[in-house]
Structure formats: C-alpha cells, structure tokens
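Thanks for sharing this one with me. Here are my notes, set out point by point so that you can follow them with the model open beside you.

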Amino acid sequence: MMRPVVLLTLALLATGCVSRTTRTVPTGKIISITQSLTPDTVDMGTLRSGEVLTKQITLRNNTDSPVVLLSSRTSCGCLRISLPEAAIKPAEEFAAEVTFDSVGYLYWLPHTIEISTSFADRPLNIVVTATIKE
C-alpha cells in the first residue's frame, strides 16, 4: 500500500519540475496616457507553450498635469504589469513591463489590462495578443 503512494508522490513532483523558459524583450512600444478611449495593443509575438515572456513598454503622460496610475486589473491571471508608485509628470515617460505566462495555453484569445488613473474617469485599456505553439 505504501509503494503506490510513494510512486504517485514522485510522479507528481517530477511533473512540477518541468523546465520553463523566461525571456524579456524590449518592444519600443509607447502607450500614451490621454482621455482617448482607443485601446493600445501589445503583441507578445510567438511563444512556446509554457514560456514566460516579459515585454518592456513605455507609458507616456500626454496630459497637462501629473498622472498617478492607481491600479491595474487583468482579464487573466496569466498577465501582469509593473506600475510606478509615484506620479508621472506631464511629458514624462515610465518604463513598464508586461509579463505573460503561457503555461497551459496552446491557442490564444486576446486578453486585456485595465489601468485606472487619477486623470480619466475610464481606465486605460491595453489589449495583449500572442500566438502559442507546442
């Protein structure tokens, strides 16, 4: 009886130790903070299933006053974004990172990131796309 339990435990541990690739790449993408309701898109490109990719983007304050990025919400637990703690001054830029974890994905549906700001009544929307291959 003890042997099957030990074998099952070892099998579960082995499947959790699968090697994963993590990459960070710059995009050159600049997302403007304005009153515009048009969403911006960040294309993560082509990834292998299980790969974690971080893309560096730039948020630019194109308003006449400082903007605080209050919070972010993603449509999927597979997405994360880094936000500054301090206000972004007018015409100032901030480097942010969007991270996508493709574990469990073979096909892709676009996901979104919503960023609430001190400037607009509606959130800044970023659509994140990718192609996932085996």
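1. Let me start with the contacts. Among contacts between residues at least 6 apart in sequence, 73% join residues at least 24 apart. Please keep in mind throughout that this is a predicted model.

2. Next, the overall make-up. The protein has one helix and eight strands, and along the sequence the pattern reads α-β-β-β-β-β-β-β-β. Of its 134 residues, 32% count as buried. The accessible surface comes to about 8300 Å², and carbon and sulfur atoms account for 56% of that.

3. Now to the sheet. In which order do the four strands of the open sheet lie? The order is β2-β8-β7-β4, with mixed pairing. At the edges are β2 (40-48) and β4 (69-74), each of which pairs on one side only. From one strand to the next, the twist averages 20 degrees. As a reminder, strands of a sheet pair through backbone hydrogen bonds, and they may do so in parallel or antiparallel fashion.

4. Let us walk across that sheet, beginning with β2. This strand runs parallel to β8, and seven bridges join the two. One position to look at is D43, whose bridge partner in β8 is T129.

5. The next step is from β8 to β7. Strand β8 covers residues 124-133, and five bridges join β7 to β8 in an antiparallel arrangement. I115 has L124 of β8 as its bridge partner. The two strands form a hairpin, with six residues between them.

6. The last step across the sheet takes us from β7 to β4. Strand β7 spans residues 111-117 and pairs with β4 in the antiparallel sense over five bridges. Two positions in β4 help to place the register: L69 stands opposite T117 in β7, and T74 has I113 of β7 as its bridge partner.

7. I would also look at the side chains of β7. Which of them point to the buried face? H111, I113, I115 and T117 point to one face and are buried, whereas T112, E114 and S116 point to the other and are not. In a regular strand, side chains alternate between the two faces of the sheet. Two of the buried residues have already come up as bridge positions: I113 is the partner of T74, and I115 is paired with L124.

8. A word on the aromatic residues. The structure holds one aromatic pair. Its members are F100 and Y105, with ring centres 5.7 Å apart and planes at 55 degrees, so the pair is tilted. Is F100 buried or exposed? Its relative accessibility is 0%, so F100 counts as buried.

9. D101 deserves a point of its own. The residue sits in strand β6, which covers residues 93-101. Its relative accessibility is 19%, and because the cut-off for buried is under 20%, D101 counts as buried. A polar atom of the D101 side chain lies 3.1 Å from the backbone nitrogen of V103.

10. From D101 we can move to G77, a residue in the loop between β4 and β5 (79-81). How far apart are the C-alpha atoms of G77 and D101? They are separated by 8.6 Å, while the two residues are 24 apart along the chain. At 78% relative accessibility, G77 counts as exposed, whereas D101 counts as buried.

11. Finally, have a look at E85, which belongs to the loop between β5 and β6. E85 is exposed, with a relative accessible area of 78%. Its C-alpha atom is 7.7 Å from that of L69, a residue 16 positions away along the chain. L69 brings us back to the sheet, where it stands opposite T117 in β7.

Terms used. Residues are numbered from 1 along each chain as its sequence is written. This is a predicted model: local features need pLDDT of at least 70, side-chain atom pairs count only at pLDDT 80 or more; totals for chains, interfaces and linings use all residues. Side-chain values use heavy atoms; hydrogens and water are left out. Rings of Phe, Tyr and Trp (its six-membered ring) pair if their centres lie within 6.5 Å; planes under 30 degrees apart count as stacked, over 60 as edge-to-face and the rest as tilted. Buried means under 20% relative accessible area, exposed over 50%, partly exposed in between (1.4 Å probe, protein chains only). Two strands pair if DSSP finds at least two bridges between them. Axes are lines fitted to C-alpha atoms, for helices over the stretch in contact, and angles run from 0 to 180 degrees between N-to-C directions. A polar contact is a pair of N or O atoms within 3.5 Å; within protein, one must be able to donate a hydrogen and the other to accept it, and residues adjacent in sequence count only if both atoms are side-chain atoms. Contact means heavy atoms within 4.5 Å. Accessible areas come from the Shrake-Rupley method with a 1.4 Å probe; for residues, only the protein chains shown count as cover.
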